[in-house]
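Me: Please take a close look at one part of this model, the interface between the two chains. I would like one connected account rather than a list.

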Amino acid sequence: MKKYIKSMAFFLIAIAVLLIIYFVIRGMKGVVGEDYVRGNSTAPAQRVYDYADVLTGSEEEKLEKLIAKREAQIGCDIVLVILNEPLASYAKAYEDVLGSLSESEYVMVYADNFYDEYAFGYNKPHGDGCVLVDNWDRSDSVYGYAYNWLSTSGRVESRFSTSMINHVIDDVNDRVNDDPYEAYKSYVNNIYSYMSSGKSASDRVVIPFYAIIIISAVVAVIYLIGNLTKNVGTRTTASNTYVNGGKAKMTVMTDQFIRRSTTKRHIQRSSGGGGGGGGGHHTSAGGHSHGGGGGHH
Amino acid sequence: MIYKCHNCGGNVVYDPQRKKMYCAHCEGTDSEEPVSGGGAAQCASCGAPLQIKPFQSAGKCEHCGCYQIFEERVSGQFTPHLILPFVVSRQEAEQKLNTEFSWRTFAPASFLSRATLQKMEGMYVPFFMYDYHVHYDWSGKGTKVRAWTSGDTEYTETSYYHINRSMEVDFTRIPVDASNQMDDKKMDLIEPYDYWALEQFQMKYMSGFFGEMYNQGSEQLEPRAHKKAERDTEELMMQSIVGYSTLANEYRNMNVNQKTVDYALMPVWVYEYAYRGETYTFYVNGQTGKVIGEMPVSKPKMIGYSASVFGFMMVIGQLVRMIMEVV
C-alpha cells in the first residue's frame, strides 16, 4: 500500500492542486460578479421581447433567467427583440438624420431606437448593455434575407470589435432557423464570455469527453511500457576506462584543408498581409452613441 | 581448509566493514588460524559431506555453516595474482537491491523477502585481465558545411579536408570473467572496478564467501578482451575526429598486441530470486555496489497500477475541463 501511494503520488498531488485551482478560480469569479451594482431604475425589467412568437413561454422564461444571471456577472444589460414585420418605411423616416440606409441597416435603426427609448443600461439609463434585434420578416429584402442587428452601448460598445460582433451574429445565424432558443442562448453566453474574459463561448476550448479517455489511455500505456523495462544496470565504462593515463597518445593528427565550394540560392520572400479594421461606431437618431453590426439568415 | 578462531574455535571470516578478519562467535578480530583438512569432499569443521560444483574454490558447509576454502583450487597453476577484497557488506548489498526495487513499480512484493535474501552470497568471480598496446592509423576525407544568408541570398559553403590520425593506446587490465556460470553480458555491465583496491592474493580474504577458479584458460578467453580493446580504440579514434558534417574513411590499420595477463578474483554479491518457475539472478558489484539484473514483472501489479493511472488521468482530465469552463 505504501508503495502504491508512492507510485501514484504524482497523480494524487496533481488532482489536489487542480482541485485547489478550481475552487480558487470559482471563488474569485463569484466575488467579481458581486461587484456590479445596478444603477438604472428607468428601464423595464423585461429583457426578451418575442413579438414574432418564435419562442415558447418556457423558453422565454429560461432566457430571462439566464440573462438575469449573466447581467449580474458582467454588469451589462442584455436585451433580445424578435420581430416579424417589415421595417423599410419605419427606417426610411430617419434617413434625413442618418443618411441613406441599405436594406440590412433598417434593423439597425430599430435596434438603436429600441435601446434608447427603453433607456437600457446596467449602470445608468443609456449605459452599458446591448440589444440584439432579429427580424424574421423577409419582405424588406430583395434577396429574401431575414436581417438582424446587434447594437452595443457603453462598455459593451468599447469592448466589442467588429470581428467580435460578427462572431456573435454568426453564432446566432448558424442555428437560429433550426433551434432559435439555442441560437439566442448563444448570444447571451457569447456576450457574457467576451465581457468576462475576452473569449467567445465557442472559442473556449471545451475538451470532449472522448479526448479525456484517449489521453488517459495513452498515458496509462506509456506508464505501463515505461515501467516494464526489466533490465537493471547500464554500461558505466567509457572507452578510456582501461586506458593507461586515460588518454590515447596521438602521434599524427592533421586536418588538411583541400578546397572549398560555395553555392548560392535565392530566397523567395512573400510580402506581409494587412492589419485588421475597427468596429463601426455611429450616433443614433436619439443622439446616443452605438456600436454594432448585423447579419442575416 | 577453514579459518578457525584461536580464542574460541569459531569460524573466522573477512568482514568488509571492519576490513579485518572477524569471529562472529567471540567478536574477536584477526584471530584466524588456518586449519586444513577435509579437502573438497568433506567439511573441515564438522566432517559433513560437501556438495561442491566443478570449479568451486570456496563455499559453505550446508550442515554447520562454516566457510571453506579448497586450497588446491587457489594454489599452484590456479593461484590468483590479485584479489579485490569485498568492500560492500551483506547489509549494504541488501540496501542497494532495496533501492533498486523501490522504484521498480511492477516488481513482485516478495522480491526482497527475508527468506530469499538470506540465500544471497558473496562470490569471488575469476577474471582474466589483459594488457594491450594498440597502434591505429586512420585516414579519410571530411567535410564541414557552413550556411548563412545575406540579403535574399542563402550561401552554403562546403570545405573539404584530408584527415590523418595515428594513435598509440596502452590498455591496462581489460577484464573478462572466466566463469561459465556467470552471464558474460552481465559481468561486462558490472564493470568497472576501481583497481586501486587490488591486492596481492591472500587466501584469508576468501573466508566467508564463495569462490570459483577459472573455468577456461586465458588464451581461450583472450578474444573477448581483444574485442573490447578494438571497440574502445575505435571510439577513441572517433572522439579525436570532431567538427565534421560528413566523414569517409579511406584507410585504416589497427595492430593490437597483447602484453601481459593477470588472474584476479573480483567480488560480486549474487542474489537469486525464483518467481513463477523462473530464476532471476541479480549481481551487486562487491566494491562499487552497482546492481545488475533482470527484474521480474508481477502481472496483477502491472494491470492494477496501469488501471489506477488511467483512472487518475480521467479525474485529472475532468478537473482540467471543469477549470477551463470557469476561467
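Reply: Two strands count as paired if DSSP finds at least two bridges between them. In this predicted model, that rule applies across the interface: strand β5 of chain A (residues 231-232) is joined to β14(B) by two bridges, and the two strands run antiparallel. One residue to look at here is A:Asn231, whose bridge partner in β14(B) is B:Glu294. As background, strands of a sheet pair through backbone hydrogen bonds, either parallel or antiparallel.

The strand pairing belongs to a wider interface. On the chain B side 77 residues are in contact with 70 residues of chain A. Between them, chain B and chain A bury about 6900 Å², and 61% of that area lies on carbon and sulfur atoms. B:Asp152, B:Tyr160 and B:Phe312 supply 9% of the area that chain B buries against chain A, more than any other three residues.

Turning to polar and charged links, there are five salt bridges between chain B and chain A. B:Arg165 takes part in a salt bridge with A:Asp255, where the closest N and O atoms are 3.2 Å apart. The rule for polar contacts finds 25 residue pairs across the interface, with both residues at pLDDT 80 or more.

Several elements of chain B each supply at least two residues of the side that touches chain A: α1 (90-102), β8 (121-150), β9 (153-177), α4 (218-240), β14 (291-294) and α5 (299-326). The largest share of that side, 23 residues, comes from β9(B). By residue class, the side of chain B that touches chain A divides into 39 nonpolar, 19 polar and 19 charged residues.

Chain A also has an open sheet of six strands, in the order β1-β2-β3-β4-β8-β7, with mixed pairing. Its edges are β1 (48-50) and β7 (282-283) of chain A; each has a single partner strand, so one side of each is left without a neighbour in the sheet. Within this chain, strand β2 (residues 77-83) and strand β3 (residues 129-135) pair in the parallel sense over seven bridges. The partner of A:Asp77 in β3(A) is A:Gly129.

A word on confidence in chain A. Its mean pLDDT is 85, and 91% of its residues reach 70 or more. Residues 272-279 of chain A have pLDDT below 50, and this stretch has two contacts in the model beyond near neighbours in sequence. Where pLDDT is low, the predicted coordinates should not be read in detail.

Technical notes: Residues are numbered from 1 along each chain as its sequence is written. Chains are lettered from A and ligands numbered from 1 in the order in which they are written. This is a predicted model: local features need pLDDT of at least 70, side-chain atom pairs count only at pLDDT 80 or more; totals for chains, interfaces and linings use all residues. Side-chain values use heavy atoms; hydrogens and water are left out. Contact means heavy atoms within 4.5 Å. Buried area is the accessible area (1.4 Å probe) that two parts lose on being put together, summed over both. A salt bridge is a side-chain nitrogen of Lys or Arg within 4 Å of a carboxyl oxygen of Asp or Glu. A polar contact is a pair of N or O atoms within 3.5 Å; within protein, one must be able to donate a hydrogen and the other to accept it, and residues adjacent in sequence count only if both atoms are side-chain atoms. Helices (H or I, at least four residues) and strands (E, at least two) are DSSP runs, numbered from the N terminus. Ala, Val, Leu, Ile, Met, Phe, Trp, Tyr, Cys and Pro count as nonpolar, Asp, Glu, Lys and Arg as charged, and the others, Gly among them, as polar. pLDDT is the predictor's confidence in each residue, from 0 to 100.
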